[in-house]
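Please load the model in your viewer, show side chains as sticks, and keep a distance tool at hand. The tour below moves from one selection to the next.

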Amino acid sequence: MFSCVRWFQPFLALLSSTLLTWGYNCPSSCLCPDHHTVDCTGQGLTRLPDSIPLDVRRLLLSNNWIPWIPSDFLVLYSDLVYLDLRNNSLTRLEPGILSTFSRLVYLDLGSNNLTEIPSGTFGESRSLIKLRLGNNPYLNMVSKDAFAGLTSLRELELERNALSVLDVGVLSQLPSLRVIRLEGNPWLCNCNFAKLFLWLLENRHKLPTGLDGMECSLPGDGRQVSLSVLSEDSFRECRGLLTLTDYLIVIFSGICISVAAIIASFFLASTIHCFQRLKSKRTDEEEAED
């Protein structure tokens, strides 16, 4: 009987090993050094791999040809904290790619073909700490509310893109921001850039390369100048200038005031008319009594 048990033990070990292997499916062409890491770096993938374990925490997908990621991807992989999609073929991001319940801490979308970061792209993920969006040569627009809700974001990389202007509200709504990279963009030194420049002056300690690492082109001749040689007085002609939004507010306010004045005048005229009729009626009654 003991000999049978000794014979059966290796079989049990092999069976348990096989069951563990079946329980953890590593995607083909990928490496899985541990039960929470999937490494598919440089495998020529044209889409997200199949059979990614639902409890994956680190997913490495850099140096492939992946063109898009579905909006519910991070809903399925709720344990994911590290996602590297650097150097792929992403042209756009689905709205709400990060949900409020996402645990993602690190997201690398650098070196892709993104053209814009619209509002609501990242939802309100309060866990995201580092976001890399640099080296997207066609990225020329970041909406004002693109990063709204990322209250824990400490590092934001937007270097070497195609940004010529950036609404300062994009940065001022990131209360935990410690590092911001903006160098290598074709900034224009016009009045639209003035508010961003003032923000950069006040937050130059957050720029890894300082103001020396950033340049902008002058409106007149297009000559590139370092931001370090500029000052607040460089944009003094922009003081008092109204933006399109300001003009719309002024026009709308003017219309509202005019409408209110017309309504008030109408009620005043009606009141005066009623008062005159009442006075005339009383006069007639008094004359009749006499």
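**A network of salt bridges**

Begin by selecting Glu157, which counts as buried because its relative accessibility is 8%, where buried means under 20% relative accessible area, exposed over 50%, and partly exposed in between, with a 1.4 Å probe and protein chains only. Before going further, note that this is a predicted model, in which local features need pLDDT of at least 70 and side-chain atom pairs count only at pLDDT 80 or more, while totals for chains, interfaces and linings use all residues. Residues are numbered from 1 along each chain as its sequence is written, and side-chain values use heavy atoms, with hydrogens and water left out.

Now add Arg132 to the selection: Glu157 forms a salt bridge with Arg132, and the closest N and O atoms are 2.9 Å apart. A salt bridge here is a side-chain nitrogen of Lys or Arg within 4 Å of a carboxyl oxygen of Asp or Glu. This pair links distant parts of the chain, with Glu157 in strand 9 and Arg132 in strand 7, 25 residues apart; helices (H or I, at least four residues) and strands (E, at least two) are DSSP runs numbered from the N terminus. Arg132, at 25% relative accessibility, counts as partly exposed.

Next, select Glu155, which is placed in strand 9 (residues 155-157), together with Lys130. Their side chains meet in a salt bridge of 3.4 Å, N to O, and since Glu155 lies in strand 9 and Lys130 in strand 7 (residues 130-132), the pair ties together parts that are 25 residues apart in sequence. Glu155 counts as partly exposed at 28% relative accessibility, and Lys130 counts as partly exposed at 21%.

Which residues is Glu155 in contact with, once its neighbours within four places in sequence are left aside? Selecting them shows Ile129, Lys130, Leu131, Leu177 and Val179, where contact means heavy atoms within 4.5 Å. For a further reference distance, pick the C-alpha atoms of Glu155 and Leu174, which are 10.0 Å apart in space and 19 residues apart in sequence.

Then move to Asp84 and Arg86, whose side chains meet in a salt bridge of 3.4 Å, N to O. Asp84 is buried, with a relative accessible area of 6%, whereas Arg86 is partly exposed, with a relative accessible area of 30%.

Finally, select Asp84, Arg86, Asp108, Lys130, Arg132, Glu155 and Glu157 together, as salt bridges that share partners join these residues into one network. A search of the whole structure finds 11 salt bridges.
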